[in-house]
Each structure stands twice: as C-alpha cells, then as structure tokens.
Amino acid sequence: MKVVTHVSAKPSHYNKESEGYDEFNEHNSQIINRTIETLLRKYNVKTVLDITCGTGSQVFYLHKHGYQVVGADFNAKMLAIAKQKAKKENLKITFLKCDMRTARIGEFDAVITIFNAIGHLTKNDFEQALNSISVNLNKNSIYIFDIFNRRYLEHADTITKLTIDWQTTVGKITTRKIQYSTIDDAGILTSNTITLQQSGKKTKINQDVQTLQTYSAQELKQLLTEHGFKVVHQSAIDGATFDDKRSERILVVAQKK
Ligand SMILES: C[S@@+](CC[C@H](N)C(=O)[O-])C[C@H]1O[C@@H](n2cnc3c(N)ncnc32)[C@H](O)[C@@H]1O
C-alpha cells in the first residue's frame with residue numbers, strides 16, 4: 001500500500017471542489033453557523049475575521065446577523081465565488097486573498113477557521129497559524145474553530161461512518177462519488193476518493209487522496225496554551241456537551257491571553 005504523507009494544502013487545493021462546493025456545503029454548515037453566532041454573542045464580539053472563508057458560508061451568515069466581517073482565504077476560486085455572491089446580493093463585504101499562516105489584516109474581536117480548515121495544515125504550520133491569528137486579535141478576544149475529533153475517529157469502527165457513496169445528476173452529467181477513510185497513529189485522516197462522471201456513453205474516472213490532521217480535545221488544549229491562548233469552550237458543533245468518543249468534531253473557543 002502506498003504511504004501518504006500529510007503536507008499542508010496548497011492554495012490550489014480547492015480548485016476542483018470550488019464549483020460544486022456550495023451545493024454540498026450549505027446544508028452542512030447551518031448547524032455550526034448557528035452555534036458560532038451564539039458564541040460570538042456570548043463573548044460580545046462585533047468584528048470578525050474569517051481567515052479560511054471559502055465561498056463565504058460563515059461570512060454571509062454573520063454579516064446578516066449584524067457582525068462586521070472580513071473574509072479571507074488563499075484559494076482564488078473559492079474567493080471569486082464568495083465575491084460573486086456578495087455582488088449578487090448587493091452586500092459590501094471585504095474579501096482578501098491571503099494565507100492564514102502569515103496574514104496581517106488588522107485587529108478583530110474574533111478570528112474563525114471553520115469546517116476542519118486547520119486540518120489542512122501540518123502541526124507545525126498550525127502553530128505558525130496560531131501566531132498569525134494571535135496578531136490579528138485584540139487582547140482578550142477569541143479564536144473559534146472546529147476540527148475532526150481524533151479520539152472519535154480512533155474509537156471502535158467509527159471511521160466507517162465517514163464512508164461516502166452518493167450519486168447526483170446535473171443536466172446531462174451524472175456524478176458518482178465513493179470515498180473511504182483511514183486514520184494512522186499520528187492522527188492523520190486519509191480519505192481515498194473515486195469520482196465517476198458519466199455523460200452519455202462517456203465515463204471519466206478520477207482517483208484522489210486527501211489528508212487531514214486530526215486532534216484530541218486534550219492535544220488542542222496543550223497546543224493552544226503553549227501559543228498564548230486559554231481554552232474557554234469545547235463542545236460538539238451544535239453546542240452540545242463534548243464527548244471524546246461520540247462527538248465527530250470539536251468546536252473550540254480559545255481566548256487570547
Ligand atoms: C473546508 S473549506 C471551509 C470554508 C468555509 N469556512 C466553510 O465552512 O464553507 C476550507 C477552506 O480553508 C482554506 N484554506 C486552507 N488552508 C488555508 C491557508 N493556509 N490559508 C488560508 N486559507 C486556507 C481553503 O482554501 C478552503 O477554502
């Protein structure tokens with residue numbers, strides 16, 4: 001079996017996914033967006049930097065709920081979709097192209113990186129991103145993110161719950177996506193995907209391997225503490241009490257010390 005090494009995602013990583021991204025994502029993000037907004041209200045946040053905004057799911061949600069939000073991402077295609085959506089709705093929102101490991105945008109009450117975005121980084125690069133996030137925060141302000149819970153994925157056969165097998169038809173093209181995942185001793189989640197696209201008698205087959213770094217709640221506490229943050233909240237993405245073996249993702253609020 002080929003050994004896959006986890007490296008931080010390149011800016012082009014979402015080029016292929018960008019087109020169909022909203023169709024797949026909008027429904028999934030409803031729950032977490034509501035929880036994030038509740039947390040932002042609790043911490044009296046007014047200004048937000050979404051530093052991995054993608055097509056803008058959280059940016060638009062929070063803008064509509066009265067927050068002053070700036071969206072940033074390092075993928076040009078995801079950003080172009082976000083900008084197009086803002087233009088269509090006549091919303092004046094700033095979107096910037098930058099890397100969360102080096103971005104210096106301003107000082108905000110909160111920085112967010114949602115939907116496993118930091119899983120795209122190696123541990124070292126996550127540490128670099130934490131330093132950069134800290135620079136973009138006011139004192140005592142908060143960093144909110146979610147990430148796959150390593151302990152959940154390592155527990156019994158829960159990894160099989162990530163298996164995907166779906167089919168959708170748009171116009172004359174039928175797409176079937178089959179994905180299975182494994183997790184190794186370092187908490188690297190590897191997802192193998194086969195995508196088949198059928199148009200009339202022609203079938204295109206694409207094989208892809210993606211990796212994500214996962215963390216346990218305890219590992220995150222340690223890492224954040226070492227980088228000048230205090231963890232003030234860990235829950236499931238719907239805000240429910242976090243359970244090491246049952247919560248698929250960990251939602252974290254870390255306060256800059
Ligand atoms: C799963 S998407 C999430 C987007 C959005 N937050 C959402 O919930 O739909 C992850 C995003 O992180 C971005 N990303 C990954 N690494 C990044 C980095 N180093 N700097 C900036 N953006 C990055 C990707 O380009 C992608 O748009």
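Let's start in the core: Ile112 has 0% relative accessibility, so it counts as buried (under 20% relative accessible area, with over 50% called exposed and anything in between partly exposed, using a 1.4 Å probe and protein chains only). Before going on, note that this is a predicted model, where local features need pLDDT of at least 70, side-chain atom pairs count only at pLDDT 80 or more, and totals for chains, interfaces and linings use all residues. Residues are numbered from 1 along each chain as its sequence is written, and side-chain values use heavy atoms, with hydrogens and water left out.

Ile112 sits in strand β4 (residues 108-113); helices (H or I, at least four residues) and strands (E, at least two) are DSSP runs, numbered from the N terminus. Leaving aside residues up to four places away in sequence, Ile112 touches Val48, Leu49, Asp50, Ile51, Thr52, Gln58, Leu62, Tyr143 and Ile144, where contact means heavy atoms within 4.5 Å.

Pick Thr52 from that list and move over to the loop between β1 (47-50) and α2. Thr52 is buried too, at a relative accessible area of 14%. With the same sequence neighbours left out, up to four places away, Thr52 touches Ala72, Asp73, Met100, Ile112, Thr113, Ile114 and Ala117.

Next comes α2 itself, whose buried residues are Ser57, Gln58, Val59, Phe60 and Leu62. The elements covering them include α1, β1, β2 (68-73), α3 (76-88), β3 (94-97) and β4. After α2 comes Gly66, with a positive phi near 95°.

Now for the ligand. There are 21 residues around it, and Tyr21, Asn25, Gln58, Asp73 and Met100 come nearest; a residue makes the list if one of its heavy atoms lies within 4 Å. By type, the shell divides into twelve nonpolar, six polar and three charged residues. Both α1 (18-42) and α2 (57-64) supply at least two residues of that shell.

Which atoms of Asp73, Asp99 and Met100 meet the ligand? For Asp73, a polar side-chain atom lies 2.7 Å from a ligand oxygen atom. In Asp99, an N or O atom of the side chain is 3.0 Å from a nitrogen atom of the ligand. Met100 uses its backbone: a polar atom there is 2.9 Å from a nitrogen atom of the ligand. On its own the ligand has 600 Å² of accessible area, and the protein covers 98% of that (Shrake-Rupley method, 1.4 Å probe).

Further along the chain, β6 (residues 164-170) and β7 (residues 173-183) run antiparallel, joined by seven bridges; strands pair if DSSP finds at least two bridges between them. Ile164 stands opposite Gln179 in β7. The two strands form a hairpin with two residues between them, and Gly171 in the turn has a positive phi of about 60°. β7 also runs antiparallel to β8 (residues 188-199), with eleven bridges, and Tyr180 stands opposite Asn192 in β8. That hairpin has four residues between the strands, and its Gly187 takes a positive phi near 80°. For a sense of scale, Ile112 and Asn192 are 28 Å apart, C-alpha to C-alpha.

Finally, some backbone oddities. Most residues other than glycine have a negative phi. Asn116, however, has a positive phi near 65°, in the loop between β4 and α4 (123-135). Ala156 also has a positive phi, about 45°, in the loop between α5 (150-154) and β6. Are these residues buried or exposed? Asn116 counts as buried because its relative accessibility is 5%, whereas Ala156, at 64%, counts as exposed.

Notes
A polar contact is a pair of N or O atoms within 3.5 Å; within protein, one must be able to donate a hydrogen and the other to accept it, and residues adjacent in sequence count only if both atoms are side-chain atoms. Ala, Val, Leu, Ile, Met, Phe, Trp, Tyr, Cys and Pro count as nonpolar, Asp, Glu, Lys and Arg as charged, and the others, Gly among them, as polar.
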